[in-house]
Amino acid sequence: PMNGKLDFAFNTNLCTPDRRISHLIKKAKEIAPKVKEFRVYTSCESYGPQAEYIRYGFDWDTWTKNTRRVLEEGIVVSVMCTFGILSIVNFIKFVEQIFAWREEGLPVRFNVATLINPHHFDIRLLPEKYDKYMGYIEEYYTNNIDKFENQEKRTMDNLFKFYRNKNYITDERKKELLRDFSRFFREYDKRRNLDFVKVFPELKDIYLEENRILANEI
């Protein structure tokens, strides 16, 4: 039966075999005419190898291929971005990918939520010398404001407001949490056979400095 008031949302990482994408498209075409909107929700908040590091098991090429495939069928895709410290370097490249799809007429959008838990991923922990990266994002946003949809604008504005509230966390607490940040990724690399410094050379200073401090404490 028809339900013109129902929004149907389907969550997927889109890093799945082709046959599953085919099944998703088939079911979407069956359901979409019967509801107000059928929408696919997926997640990403960076670009390329950095996006893959953030979400273990994520594959950028597979994700972009499958996202395009779904979009080309006219299915709306909403990308959920959980913005933490690791997003700050390549977020613009991610947004440029969204806009490139949109310029082709593909129905894709995104929204941004700030990552505050676990607390050691909070972007407000970053020392002042890293402010330039948020500055790059804000400058890009200002220069391309007309490309952002209203919901995207609201979530971007909230992100900038959140980042400016850096004094909400005391300096002592920031130091403590940055040490937790290094502890976490030192173990993450060890267990996943990854290399934080290779993937995030821009952030190596906070990672290595905190690890030196931790080594001295042991």
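This passage describes the aromatic contacts found in a predicted model.

A helpful way in is the general description of such contacts: a pair of aromatic rings is characterised by the distance of the centres and the angle of the planes. With ring centres required to lie within 6.5 Å, the count in this model comes to 29 aromatic pairs. Among them is the pair of Phe91 and Phe110, which is edge-to-face, with 6.4 Å from centre to centre and 75° between the planes. This pair links distant parts of the chain, since Phe91 belongs to helix α4 (residues 91–103) and Phe110 to strand β4 (residues 108–114), 19 residues apart. Phe91 has a relative accessibility of 0% and therefore counts as buried. Phe110, at 2% relative accessibility, counts as buried too.

Phe110 also pairs with Phe148: the ring centres are 6.1 Å apart and the planes stand at 70°, so this pair is edge-to-face. Because Phe110 lies in strand β4 and Phe148 in the loop between α5 (131–143) and α6 (150–164), the contact ties together parts that are 38 residues apart in sequence. Both Phe110 and Phe148 are buried.

Elsewhere in the model, aromatic residues come together as a group. One aromatic cluster is formed by Tyr53, Phe121, Phe181, Phe184, Phe185, Tyr188, Phe196, Phe200 and Tyr207. A ring can also be contacted by a charged side chain, and Tyr56 provides a case: Arg192 lies over the face of Tyr56, at 4.1 Å from the ring centre.

Terms used. Residues are numbered from 1 along each chain as its sequence is written. This is a predicted model: local features need pLDDT of at least 70, side-chain atom pairs count only at pLDDT 80 or more; totals for chains, interfaces and linings use all residues. Side-chain values use heavy atoms; hydrogens and water are left out. Rings of Phe, Tyr and Trp (its six-membered ring) pair if their centres lie within 6.5 Å; planes under 30 degrees apart count as stacked, over 60 as edge-to-face and the rest as tilted. Helices (H or I, at least four residues) and strands (E, at least two) are DSSP runs, numbered from the N terminus. Buried means under 20% relative accessible area, exposed over 50%, partly exposed in between (1.4 Å probe, protein chains only). A charge sits over a ring if NZ of Lys or CZ of Arg is within 6 Å of the ring centre and within 35 degrees of the ring normal.
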